[in-house]
Amino acid sequence: MRTLILSIFAVSLSATAVTAADDPVAARKLLMQSAAAAAGVSGGMMKGDIDYNPAIAKSAIATLNAVSHTYGDFFPEGTSEGDTTASPKIWEDAAGWQAALEKFQGDTSAAAEASGKDGPADLAAFQQAIGPVLGNCKSCHENFRVQKN
Ligand code: HEC
């Protein structure tokens with residue numbers, strides 16, 4: 001059974017790797033969609049629509065931490081065209097893009113650290129940890145994303 005589970009993992013991981021290499025645009029959109037889902041759950045708890053739960057809070061932070069540390073791998077040259085809202089500035093201002101990624105990574109790492117083993121103890125602690133992370137969404141999109149109609 002254990003071998004079976006392990007081999008299923010291996011298959012799904014290699015399937016992901018193939019997709020990511022073949023289609024970095026699709027891969028980076030999937031990462032942003034999981035970021036959006038994590039941000040959505042976080043917002044729901046902060047607004048009180050969802051009861052605060054430290055395990056869910058921890059999982060949202062962990063998702064954003066993973067996204068921030070992998071996201072930059074899916075922007076090879078020549079992928080600013082087509083079905084993407086990535087701005088050409090990502091390649092024109094590579095240093096600025098790198099700085100935005102690093103800020104996102106720094107903020108998610110700090111939140112992961114603050115969330116500890118069992119997740120932030122209460123809503124106030126969660127808000128304090130995730131607030132700076134969520135600020136990255138808007139600032140990066142303003143600088144490095146274009147709206148296409
Ligand atoms: C470092 C820059 C950066 C940060 C930080 C960032 N994004 Fe994005 N995001 C982008 C770029 C670039 C795109 C366009 C990707 C594409 O279309 O190829 C994007 C696209 C998206 C999309 C559209 C995905 C799709 O399917 O087309 C969503 C949703 C999104 N981001 C949500 C978020 C949320 C929520 C956060 C904060 C938790 C966030 N982003 C943080 C750069 C960033």
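User: Why is Lys 138 called exposed?

Analyst: In this predicted model, Lys 138 has a relative accessible area of 58%. Exposed means over 50% relative accessible area, buried under 20%, and partly exposed in between, with a 1.4 Å probe and protein chains only. Lys 138 therefore counts as exposed. Glu 142, with a relative accessible area of 55%, is exposed on the same rule.

User: What makes Lys 138 and Glu 142 a salt bridge?

Analyst: A salt bridge requires a side-chain nitrogen of Lys or Arg within 4 Å of a carboxyl oxygen of Asp or Glu. The side chains of Lys 138 and Glu 142 meet at 3.1 Å, N to O, so the pair satisfies the definition. Both residues lie in helix H6, four residues apart, about one turn of the helix. Helices are DSSP runs of H or I with at least four residues, numbered from the N terminus.

User: How many salt bridges does this rule give?

Analyst: The count is four. Among them is the pair Lys 117 and Asp 118, at 3.6 Å, N to O; Lys 117 and Asp 118 are both exposed. Another is formed by Asp 83 and Lys 29, at 3.5 Å, N to O. Asp 83 lies in the loop between H3 and helix H4 (89-92) and Lys 29 in helix H2, so this pair ties together parts that are 54 residues apart in sequence.

User: Why is Lys 29 called partly exposed?

Analyst: Lys 29 has 30% relative accessibility, which is in between the two cut-offs, so Lys 29 counts as partly exposed. Its partner Asp 83, at 64%, counts as exposed.

User: How do you know that the span of helix H3 agrees with its number of residues?

Analyst: The expected span is 1.5 Å times one less than the number of residues. For the 17 residues of H3 (residues 54-70) this gives 24 Å, and the end C-alpha atoms are 24 Å apart, so the two agree.

User: Which residues of H3 are buried, and why are they said to line one face?

Analyst: The buried residues are Ala 57, Ala 60, Ile 61, Leu 64, Asn 65, Val 67 and Ser 68. Seen down the axis of H3, they fall within an arc of 165°, so they line one face of the helix; the arc is that of the directions from the helix axis to the C-beta atoms.

User: On what basis were residues and atoms included?

Analyst: Residues are numbered from 1 along each chain as its sequence is written, and side-chain values use heavy atoms, leaving out hydrogens and water. Because the model is predicted, local features need pLDDT of at least 70 and side-chain atom pairs count only at pLDDT 80 or more, while totals for chains, interfaces and linings use all residues.

How values were computed:
Helix = DSSP H or I, 4+ residues; strand = E, 2+ residues; numbered from the N terminus.
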